[in-house]
Amino acid sequence: MKSKRKTDKFRIIFRFLKGNIRFLVGTLVFSVLFTACNALIPQIVKYTADHILVLDGIPDGLNVRQALLLAAILVVAAAVLSGIFNYLSKMCLAKGSENFLKSIRDTLYHHTQYLPFSWHVQHQTGEIIQRCTSDVEVIRNFVCRQLPEVFRICFLIILYLGIMFSMNVPITLAAAAFFPVIIGYSAFFHSRIGKRFQDADEAEGALSSTVQENLTGVRVVRAFGREKYEIDRFDQKNNAYSDLWVYLGKLMSVFWASGDLITNLQVLMVMVLGVVFAVEGRITLGEFIAFLSYNASLTWPVRSLGRIISDMSKAGVSMERVAYILEAEEEDATDANNKPALTGDICFRNVSFAYSLDHPILKNINFTIPAGSTFAILGTTGSGKSTMVHLLNRLYDLPEGCGSITIGGTDIRDIDRQYLRQNIGMVLQEPFLFSRTIRENIGITKEQLLDEEIRHAAEIACVDESILHFTDGYDTIVGERGVTLSGGQKQRVAIARMLMKQAPVLVFDDSLSAVDTETDNKIRKELKKEMEKATVIMISHRITSLMQADCIIVMDKGEIQQMGTHDQLIQQEGPYKDIYEIQMNSDIRLMEGGAVCE
Amino acid sequence: MRIEEKEYTKSIDLSIWKKIFPFLAPRKNTLIMVVLMNLLCSVVDIIMPLFQRHAIDSFIEKNTLSGLGGFILLYIAVIVFQMCTVICFTRGCMKIDVETGRDMKRALFVHLQKLSFSYYNATPVGYILSRVMNDVARITELIAWDVIDMLWAISYVVGVLVAMLFLNWKLALVIMMIVPAIAVLTWYFQNRILTWNRQVRKINSKITSGYNEGIMGAKTVKSLVVEEKNFGEFSAVTEEMRSASIKAARLNAIYIPMVAFFGFLATALVLDRGGIMVLDGRLDLGTLAAFTAYAVGIFEPIQRLAGILSQCISAQANIERVTSLLEEKPQVVDSPEVLEKYGDFFNPHKENWEPIKGDIEFEHVSFQYPDGKEEVLTDFNLKIPAGTNVAIVGETGAGKSTLVNLVCRFFEPTKGRILIDGRDYRERSQLWLHSNIGYVLQNPHLFSGTVMENIRYGRLDATDEEVKAAARAVHADEVAEKLDKGYDSDVGEGGDCLSTGEKQLLSFARAVLADPAIFVLDEATSSIDTKTEQLIQQATDKLLKGRTSFLIAHRLSTIRNADLILVVRDGKIVEQGRHLELLEKKGYYYQLVRQQFADEESRKVLR
């Protein structure tokens, strides 16, 4: 079980690396070449010291000065090559990792868009977004920074140690003996201190939310005159956070300083051994200098290796968290070609539905909405009315054996999902507007935005005037980074947006609740004129909004309590009549002051 | 808008940096210590290559091992000394970073407690929070680590140059020719890299908000079938990100090898020029080796120097954001005389506080919001005797809270006076007034902590028994008992673990405990279950008795029982009177209440 999950989480990396293999290979090859060029330079210095400067072994046909110049030119040449390879490896890495990142981001976005609505309901928005951003960042670090770096360092160690071995085995062995100690010490420290860093992060989070609470609750703080109390609370968190960091500083100072000490001791040992061997004539002066310079080039990479290794362990969790999203199944595409005209009657037959087993939402619902008619549903939150709408546009699919919903005789589960939704215009009670201009919001379903069309839709939805009142008119940006619209304005913009779809079926899910009665009437009249042939489903608790419908049902606790036209229903005893009387005669009751159930 | 980003300046502006001196002053001693340690550190770093020189010249060249013991001891002494300086220096830097940050955050927080609501209304919480947390962290980190690092770099570079001049001035001059080239190069690239990095960060926030919309608006996206369109737009942003990141990476990929190249160029020059000198006998081999070490070693500090300098320039924006918040003037302030008599919120002189009765009078009050276009109150007069219940009704967004804001002195009248117990409230301190006000919000705000702590917020010295009694008085004890740890249960961040109704009951208890003479209630509009609603109704009745109160009312029963109803439309008071009088007028109130009543009643039938 556990091993299976492991392969899964690494599979996502390979999946996104596909197509970027050449960059990956390029990064590795060029970084090997780059390291090799760097390794050449101490060799040239060594040759200079051992041969040119002692006038022994100067290449034929050159005098000493020319030989020195040649050495210098070789150093420059090696430096140029190393620079070019370094550039190439960095660019390969950048291209590969940015492609990798883009494909993860795009895939995640695309995938979340097609995950079933039920999945979205079950998961917290903040949590999903965090996985798509922070966790992806951790994975990127792992794949694009830590892995290549570990590879480069390992190659560097092998190459340099190899060269050093070829010069002198005992000194190299002594030098290399320190490396496991340095790597181990650093890895140990970083994994131990990790907990402290977490504590500090948590303390920072606590401090930050204390400030945030104070800012959002500023009215309460002022109204109770609790400024001093708040400052005391803040001080406590602020000090706790600071103390943790001071403590961390102490730990780190010891770690860094002792790391320096160990490294320097290693350098000392290499130097002393080198001196002894050189004096004994077992190595040349040039080799001594080269030795020290190779050794010095190894110390930092070796020290950072320990830290990288302990950091890399964090990536596994993030990979699992991202894989969790990617492994969730998208909405299944049903018979992509089945796109019948949706202008027929809408039929609910024996429809029962529950989100969870023990809590039925709809119980055996039956009704038919003739094509082109207006159908009204009266009900409150929890009566099951919104569930019916969710089922109709297949945000949820009706399970087998729970009845059927048909349009023009075709079961909607056999109709292409996207096609179905395109042909059902729906407006929600609390509509979601995208943070872009009003024009773009209204025309979101269109490829091209024609001013006339958009204004026409806005006029029908009685929102044209309000939009023109904004300084930027239709170019006003709404949403999180723009103007905040009132509930009624949002609802009307959403209606205009829906109208652009020109759908044969329109659903208003309590979507005029924040609009006053007068405007409500006006909008419905305009709509009727504009969308003569459309089948309209209207959910509301306002009798005036519903009374002209061809058929009205009253929903309660998942069942249809009453069904009929307005005239029929006001003749019957029942909730419809009660509500009608309340709403029609409310002024009388207001005067009497008796109708309130207290 | 306050949140517009300032243009980034291109040079160091000392007047900006001066503003943070007060925060560094208390840590003068640590600063001096750190700078000193830094200097010592760089001296050690300069000495290190000399060991190698000595090893070559005194042992290898002379072919002897005598004196090696002393050499080892000296080396160990130096590295132990270096270890000590690193420890002191690291701790010192951390101390400066953390303590400066702590003080800055505190100063911001204390200042925020004084700023007026007009500031809060115009500034998103996230923006303020980011000033307090992120900007401060960036500034102190830069000062404590980077600026001090810069001092190290300067002293190291100067020291190495001196050492090289001392060892062999001709060779030193050869290397020094390269220094300006590296400085210019770094300067050029760092500025560009920073600009691109800023660009990348900007695009990154676009990506986050893209996810945000796609996921929060999932239902809308699905029913409009705009998945592909949104994906196309998102994909364009990630493409933008990809190309910007690659551009930033390219600059880096050119810059780093170029700097390294100059290091090698210096080595080559040393090899060529120095080699000749060695041959002529003007230079010994050990010094040549030391020179190669310096030649490579000097470039990293130069590189860092220029890098830090350009970061300092970009950090000026952070400093300006922080200091401009600190310089923001509170609009409601107590006069010096008032502060003298009544004290501030750190030292309230409670012995001078008069008891309050609760008479409130608006006397020729005109008012205009600081960011508003027109007066919302003009020459408004109203006498509210102690114990009166005033209901304020009107549509959402009509400006119902204006009167409450004025009474609570969250805002002050632009003209005229507000008298409490016959005296202009500006003659007394804000804290005096606020200590006598109870306030329950529509979306009640609780603080993370236990139920007990939240109720006690009303009166900090209340005993557990008193807290419980207050809770019982408004039936909030039922809320506490339902939770698994009773009064010690955590309410979650902002009270998230509780429903709106439960939060309201707790905030009623909080207000009861404060036992205020003036009570302000903004009734909840969101649906609350019948049982809680009844409890709230009873609690309201209890709280209102005998207190001057202002109710932003949504429920008819509350409105009907009010002594005075003020009807607000488009920010102005259009009608006032008692319930029946207003109904008979058949004006705006009649329309408004009728609609509200019908909705309320219909919901009850269907429930």
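## Chain B: overall form

Chain B contains 23 helices and 10 strands. The model is a predicted one. Along the principal axes, the C-alpha atoms of chain B occupy a box of roughly 115 × 65 × 50 Å. The radius of gyration of chain B is 35 Å, whereas a compact globule of 607 residues would have a value near 25 Å.

Of the 607 residues in chain B, 56% are buried. Among contacts in chain B with a separation of 6 or more, 78% join residues 24 or more positions apart.

## Nonpolar cores

The largest nonpolar core has 144 residues. The members that touch the most other members are L108(A), M271(A), F288(A), M164(B) and Y211(B), so residues of chain A and of chain B both appear in this list. Setting aside neighbours within four places in sequence, L108(A) contacts C132(A), V136(A), V322(A), I325(A) and L326(A), and also Y211(B) of the other chain.

A second core, separate from the largest one, holds 101 residues. Its members include Y120(B), L129(B), I360(B) and L431(B).

## Aromatic pairs

Over all chains, 37 aromatic pairs are counted. One of them joins Y185(A) and F255(A), whose rings are tilted at 35° between the planes, with 5.4 Å from centre to centre. Y185(A) belongs to helix α6 (residues 169-216) of chain A and F255(A) to helix α8 (residues 227-279) of chain A, so this pair ties together parts that are 70 residues apart in sequence. Y185(A) is partly exposed, because its relative accessibility is 28%, whereas F255(A) is buried, with a relative accessible area of 9%.

In chain B, F51(B) and F71(B) form an edge-to-face pair, with 75° between the planes and 5.5 Å from centre to centre. Helix α3 (residues 28-60) of chain B carries F51(B) and helix α4 (residues 68-112) of chain B carries F71(B), so the pair ties together parts that are 20 residues apart in sequence. F51(B) is buried at a relative accessible area of 5%, and F71(B) counts as buried at 5% relative accessibility.

## A ring cluster and charges over rings

Ring pairs join F117(B), Y119(B), Y120(B), F410(B) and Y439(B) into a cluster. Y120(B), one of these cluster members, is also listed in the core of 101 residues.

F117(B), another member of the cluster, has the charged end of R219(A) over its ring, 4.9 Å from the ring centre. Within chain B, the charged end of R428(B) sits over the ring of W432(B), at 4.3 Å from the centre of that ring.

## Cysteines

The structure has 0 disulfides over all chains. C84(B) is in no disulfide, and the nearest cysteine sulfur, that of C88(B), lies 6.8 Å away. A disulfide requires the two sulfur atoms to be within 2.5 Å. C84(B) is partly exposed, with a relative accessible area of 40%. C462(A), by contrast, counts as buried, because its relative accessibility is 15% and the cut-off for buried is under 20%.

Terms used: Residues numbered from 1 in each chain as written. Chains lettered and ligands numbered in written order. Predicted model: local features only at pLDDT ≥ 70, side-chain atom pairs only at ≥ 80, totals over all residues. Heavy atoms only, no water. Buried < 20%, exposed > 50% of the residue type's maximum accessible area, 1.4 Å probe, protein only. Phe/Tyr/Trp six-rings, centres within 6.5 Å; stacked < 30°, edge-to-face > 60°. Helix = DSSP H or I, 4+ residues; strand = E, 2+ residues; numbered from the N terminus. Lys NZ or Arg CZ within 6 Å of the ring centre and 35° of its normal. Core = buried A, V, L, I, M, F, W, Y, C linked by side-chain atoms within 4.5 Å. Contact = heavy atoms within 4.5 Å. Rg over C-alpha atoms; globule rule 2.2 N^0.38 Å.
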